[in-house]
Amino acid sequence: MPHTPYPAPRVLGIAIPSPLRRLFDYRPYGEAPSGGWQPGFRVRVSFGRRQLVGVVIECRDDSELPLKELKPIEACLDPVPLPADWLWLCHFTARYYQHPLGDTLHQAMPVLLRQGRPLTARTRERWQLTAAGQVVDASELARAPRQAALLAMLTQHPHGLGTQAILAQSFTREQLRALVDKGLLSRVDEPVTAHRADSAGPRLAEPAMPLNGEQSVALAALHEGLDRYHPCLLEGVTGSGKTEVYLQLIEAVVGQGRQALVLVPEIGLTPQTLARFRQRFRVSVVALHSGLSDHERLDAWAAAASGRAPIVIGTRSAIFTPLARPGVIIVDEEHDGSFKQQDGLRYHARDLAVARAHRHAIPLILGSATPSLESLSRARNGDWRHLTLTQRASRHAPARLELIDMRGRPRQGGLIPPVIETIGETLAAGHQVLVFINRRGFAPTLACHACGWLAECDHCDARMTLHRQPPLLACHHCDRRRALPEACPKCASIDLRPLGSGTERTEETLAGLFPKVPVHRIDRDSTRRRDAFEQVLAELRRGEPCLLVGTQMLAKGHHLPHVTLVVVVNADAGLYASDFRALEQSAQLLIQVAGRAGRADHPGRVLVQTLHGDDPHLQMLAEQGYAALADQMLEERRAAGLPPFRFLALLRLESPREDAVSALGHQAAEALRQWLASRELKVGCLGPVPAPMERRQNRYHAQLMLTSERRSRLHEAGAWLTAWLEASPEARRVRWSLDIDPQTLS
């Protein structure tokens, strides 16, 4: 059916990337799009002295300003509007997270679209035989043997070959053009993300793996909801085969001609996940994460939006990828904190996945060995279906946590003698050992043994970390760095000593204790090179004895089949932190890192060093597992009135001036309390109080907490507060943001 043109508007309401929570009116200019003006078109506009790319949101006939005073747009950048599902998601995100719509749209676009580039994917040449080329007699090319050889090679590839693959076989473009001139060969320009095989052919490049009983039950339950909104929490112990369930469900979705969106928490997990999916499927699988170039990201975005990519895998920001035919959304390791954006647009990709799946009436799978308490609560309340996998793919059960008391024992690189002895025995047996320490650097700080001076950051309320590679002091909060002092700046003593252990110190200690065994360190400092992490993982897969020292980068989803011993250097770091989520996050991290042991032919052990072995929470986790501890934490949260039983919003304030932060915080709190009292709205207002780290990057931080049993009341109060702040002259001198559903109080 022909498209019915929209009526020609006199005013376009345009969302522009700015902190202002409003649309800006412009006049249409030039030829209207073929289907008429409608929401979703990108336009270039003059905004002050700058030219910006905005998105049309409203098409109207009137404006608060006289029409003659409105600027015309500079240009319309698209022949068709941006996808409607993407536009809806951006509207929902801006509304839910109380964020300006223009900036939300800006953040949700690939960089090149923000810059005004067209929404077109790059193309590549593919050469394939014509009908004449398929039946030509080779004798006709006897005088052109290289052309004959090229033709013979292409007969082995019915779907054609790319230019680079042909040139790599020592053929030339002249030979390609000669065959085209003879009508034997044709050139096709296809997107770089085109299908790797004929969509009518088999979808699987390798057969699916057999499922055990629990996996079969889970997959059958997921199949029941393929045609509707069907949220499921898939709780499976590490190594229980959750990914295989994902793969077989996606096979069914792709078989229906629909698309799957898979979210993973870390960029480090993307290559291995991508490799596994591409090994299984013949269809196009694209990735979206921060490690891609701008052109690669736009190619993948366009492939998903057009439907050319049936499977999309990405990190947090991939939730904003438009899908032509959405069929399922999967969030792997749904508990992971990296799904929450911690600055700017503070969205949570898992929660947006819930909203998006509901909008499209498609199934949603949230997978984890250690589900978040929010997800567990919804599953146990019956809002979501709860599926469990308790059996590992290997014949060995998950290793239990063995608590090792460190009190009163000497340490080398953070390790006590019995643990070092167990490490030596494991290496002697030909196995690999993972030593987990969630602190980068050589030592958490440098101290003077004479006067007690500690190396502290000039810009933060934090101590500087001692690094040896290269030697320096670094603040892990503001990235400030300075050279190591030759003597104590307070008393001039040269007796400066490192306190505590980080990954570098533990690595150095283990290298000295086991000089014949390779020691690999995995942290943010050692993996800055793009392929460094993959190189270490490739070496680990060879199976030779080695030591692996790393931070939480290693705790998430990596399959290390030859690791039989995991050592946690210090389990106490998160047990007694001020944030109410600290215990939950520490327990999840311990279980996740413990899951790296014993995943193949040999059973695993997990040794957890602690100074608080009698802590009841830690003992429950070790003896009864995460599920029992989660039950207790939920009861404690219920009694304390904390999420998931109440909803939170956090107003964050920061400024170089401490008095400005304090004054605005108290004014905002007083104004909000008066408004709440006048409306009799049951919303708590706590604070303002200094942030747990009050001074960071030479800026003072304070916060005001809003709490409510009903989400709608919290949003109503948050909307009023943001409007009040936007109208307040004092707020213009302080940076502020409202964090809906904060995942950390720091």
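These questions and answers cover two sheets and two helices in a predicted model.

Colleague: In what order do the seven strands of the open sheet with parallel pairing lie?
Modeller: Start with the edges. Strand E11 (285-288) and strand E15 (385-389) each pair on one side only. The order is E11-E12-E10-E13-E14-E9-E15.

Colleague: By how much are neighbouring strands of this sheet turned against each other on average?
Modeller: The pairing in this sheet is parallel. With direction ignored, the average turn between neighbouring strands is 20°.

Colleague: Which residue in E13 stands opposite Gln259?
Modeller: Strand E10 covers residues 259-263, and strand E13 covers residues 326-332. They run parallel, joined by five bridges. Opposite Gln259 in E13 stands Pro326.

Colleague: What angle does the direction of helix H8 make with that of E15?
Modeller: Helix H8 spans residues 213-224 and packs on the sheet. H8 touches strand E9 (230-236), strand E14 (363-368) and E15. With the direction of E15, H8 makes an angle of about 155°.

Colleague: At what angle to E13 does helix H12 run?
Modeller: Helix H12 is formed by residues 349-360. H12 lies across E10, E13 and E14. Its angle to E13 is about 160°.

Colleague: Which residue in E4 is the bridge partner of Gly13?
Modeller: Look at the open sheet of five strands, ordered E2-E1-E4-E3-E5, with antiparallel pairing. Its edges are strand E2 (24-26) and strand E5 (75-76). Strand E1 (residues 11-15) pairs with strand E4 (residues 50-60) over five bridges, in the antiparallel sense. In E4, the partner of Gly13 is Glu58.

Key. Residues are numbered from 1 along each chain as its sequence is written. This is a predicted model: local features need pLDDT of at least 70, side-chain atom pairs count only at pLDDT 80 or more; totals for chains, interfaces and linings use all residues. Side-chain values use heavy atoms; hydrogens and water are left out. Two strands pair if DSSP finds at least two bridges between them. Helices (H or I, at least four residues) and strands (E, at least two) are DSSP runs, numbered from the N terminus. Axes are lines fitted to C-alpha atoms, for helices over the stretch in contact, and angles run from 0 to 180 degrees between N-to-C directions. Contact means heavy atoms within 4.5 Å.
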